[in-house]
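Me: Please take a close look at a single part of this model, and then place it in its surroundings. A connected account would suit me better than a list.

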Amino acid sequence: MKNNNKNCCKQKPIIKLPAGKKLCNTHFTEYFENKVFKTIRQFDLIGKEENLGIALSGGKDSLTLLHLLNKLSKQNKKIKLTAILIDEGIKGYRGKTTEIAKKFCKKNKVPLKIYSFEEEFGISLDDMLKTLDVKPCTICGIFRRYLLNKKSKELKFTKLATGHNLDDETQSILMNQFKNNIQASARLGPKSGVKDNKNFVQRIKPLYLCAEKEVATYAFVNNLLDNFTECPNILKSYRAQVRDMLNNFELKNEGTKHAIANSFLDILPKLKEKFKDGKINFCKKCGEPSAKEKCNKCKLIDKMKKSEKK
Amino acid sequence: MKLKVFYDRENKEKTIELDGNMSVKDLLEKMNINPITVIVSKNDNIILEDEKLNDKDDIKIISVISGG
């Protein structure tokens with residue numbers, strides 16, 4: 001094969017980077033892994049000794065994350081990994097991804113903890129949606145965040161790693177901007193939450209600077225990509241609208257997502273300073289951290305109970 | 001030429017009619033798919049947008065967008 005100056009070598013390229021460079025399988029794998037490990041170092045995401053939780057969904061992002069952190073853990077035995085999966089109870093979706101996650105963890109000898117809405121709250125997300133007139137992703141987010149934080153504390157995780165990538169982050173930045181909710185953006189970034197606060201387990205995003213297509217390409221060449229599964233609820237979401245808009249814009253203006261994330265990282269310290277956590281309140285009902293007297297999760301449960309009585 | 005293409009997001013094989021000497025880019029345009037949202041494989045190897053296609057190729061279009 002002809003090696004023009006845009007190709008990394010004589011091997012057939014499998015990806016074209018936004019700067020125009022085309023990489024083969026070997027060089028892309030090296031580039032991608034270096035990028036993730038550099039992100040970990042640059043933002044000080046993982047220390048020399050950790051009891052790391054990994055939020056696993058069975059999708060390409062979290063499987064790629066677990067695959068890479070497992071490499072790190074093999075090099076440093078003081079980094080202990082446990083995968084945690086939340087089964088919301090979404091018919092036709094979560095069952096498939098749970099099986100993929102179980103298979104992956106068994107093969108890679110990573111302990112996997114599974115918690116379900118049904119067992120923890122007595123009701124699945126599908127059934128919640130029959131009662132509550134709230135957008136699915138909003139409810140799901142509230143209950144998932146609550147459960148992930150609660151279980152991460154019980155399992156004594158030092159940090160919780162999530163598979164959020166560049167696309168997820170830039171969508172969130174724009175969504176908060178469009179909804180005039182800058183305070184929520186102060187909680188974004190490669191490392192969210194507050195360190196050394198016993199009420200919250202800090203979350204880290206090692207794939208922060210990796211575009212979705214890069215993650216999928218890495219997952220493909222490393223046999224981490226299973227059959228495509230899509231949550232039926234995402235099609236109704238605000239995020240899906242922003243995602244499609246951003247992808248159309250990126251197609252015409254390459255580098256837009258990186259520009260959004262990089263300019264956001266510049267202002268993030270100021271946002272964190274402006275909205276730094278003051279006094280933390282606790283929900284009177286469940287005892288978990290909450291901005292108000294009763295947390296959103298407990299408010300929604302009460303609402304469901306009331307509508308059941310009617 | 002007629003090309004058989006499997007699109008995983010729709011979980012079905014489609015037959016797409018293309019002029020000879022068509023590329024992956026032309027195929028995605030014809031199917032109205034944003035190339036940022038997919039990777040395309042030929043005989044289980046990833047190919048780039050400028051790759052030319054022929055009717056004997058086993059083409060898969062793999063969606064990269066987060067499923068949930």
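Reply: Lys42(B) counts as partly exposed, because it has 15 C-beta neighbours inside 10 Å, whereas a buried residue would need 20 or more. The model is a predicted one, and the values given here are computed from it. Lys42(B) belongs to strand β3 of chain B, which covers residues 38-42. Leaving aside neighbours within four places in sequence, its contacts are Ile47(B), Glu51(B), Asp57(B), Asp58(B) and Ile59(B). Leu53(B) lies 11 residues away from Lys42(B) along the chain, and the C-alpha atoms of the two are separated by 8.8 Å.

On the N-terminal side of β3, the loop that comes from α1 (24-30) of chain B holds Asn32(B). Most residues other than glycine have a negative phi. Asn32(B) is not a glycine, yet its phi is positive, about 60°. Asn32(B) is exposed, because 6 other C-beta atoms lie within 10 Å. Lys42(B), by its count of 15, is partly exposed.

The chain around these two residues has one helix and five strands. Read from the N terminus, the elements of chain B follow the order β-β-α-β-β-β. The radius of gyration of chain B is 11 Å, close to the 11 Å that the globule rule gives for 68 residues, so chain B is as compact as a globular protein of that length. Along the principal axes, its C-alpha atoms fill a box of roughly 40 × 20 × 20 Å. Buried residues make up 24% of the 68 residues in chain B. Among its contacts between residues at least 6 apart in sequence, 49% join residues at least 24 apart.

Chain B does not stand alone: 15 of its residues are in contact with 26 residues of chain A. The side of chain B that touches chain A comprises seven nonpolar, six polar and two charged residues.

Chain A, the partner, has 12 helices and 10 strands. A compact globule of 310 residues would have a radius of gyration near 19 Å, and chain A agrees with this at 20 Å. Its C-alpha atoms fill a box of roughly 70 × 40 × 40 Å along the principal axes. Of its 310 residues, 35% count as buried. Contacts in chain A with a separation of 6 or more are made up to 68% by residues 24 or more positions apart.

One covered element of chain A is helix α9 (residues 212-221), where nine of the 10 residues are buried. Among the buried residues of α9(A) are Glu212(A), Lys213(A) and Glu214(A), along with Val215(A), Tyr218(A) and Phe220(A). After α9(A) comes Asn223(A), which has a positive phi near 55°.

Two packed helices are described by the angle between their axes and the distance between the axes. For α9(A) and helix α2 (residues 60-75) of chain A, the angle is about 65° and the axes are 9 Å apart. Their crossing is left-handed. On the α2(A) side the residues in contact are Lys60(A), Asp61(A), Leu63(A) and Thr64(A), and these meet Val215(A), Ala216(A), Tyr218(A) and Ala219(A) of α9(A). By class, this contact has five nonpolar, one polar and two charged residues.

Another helix pair in chain A is α7 (residues 166-178) with α11 (residues 256-274), packed at an angle of about 65° with axes 9 Å apart. The two helices are therefore roughly perpendicular to each other, and the crossing of α7(A) and α11(A) is left-handed. From α7(A), Leu166(A), Asp167(A), Glu169(A), Thr170(A) and Ile173(A) meet Lys257(A), Ile260(A), Ala261(A) and Phe264(A) of α11(A). Five nonpolar, one polar and three charged residues take part in the contact of α7(A) with α11(A).

Chain A also has a loop residue with a positive phi. Lys109(A), in the loop between α3 (94-108) and β5 (112-116) of chain A, has a phi of about 55° although it is not a glycine. Lys109(A) counts as exposed because it has 8 C-beta neighbours inside 10 Å. To return to the starting point, Lys42(B) has 15 such neighbours and counts as partly exposed.

Conventions: Residues are numbered from 1 along each chain as its sequence is written. Chains are lettered from A and ligands numbered from 1 in the order in which they are written. This is a predicted model: local features need pLDDT of at least 70, side-chain atom pairs count only at pLDDT 80 or more; totals for chains, interfaces and linings use all residues. Axes are lines fitted to C-alpha atoms, for helices over the stretch in contact, and angles run from 0 to 180 degrees between N-to-C directions. Helices (H or I, at least four residues) and strands (E, at least two) are DSSP runs, numbered from the N terminus. Angles under 35 degrees count as roughly parallel, over 145 as roughly antiparallel, 65 to 115 as roughly perpendicular and the rest as oblique. A crossing is left-handed if the near helix is turned anticlockwise from the far one by less than a right angle, and right-handed if clockwise. Two residues are in contact if their C-beta atoms, placed from the backbone, lie within 7 Å. Ala, Val, Leu, Ile, Met, Phe, Trp, Tyr, Cys and Pro count as nonpolar, Asp, Glu, Lys and Arg as charged, and the others, Gly among them, as polar. The radius of gyration is taken over C-alpha atoms; the globule rule is 2.2 Å times the number of residues to the power 0.38. A residue is buried if 20 or more other C-beta atoms lie within 10 Å of its own, exposed if 12 or fewer, and partly exposed in between; C-beta atoms are placed from the backbone.
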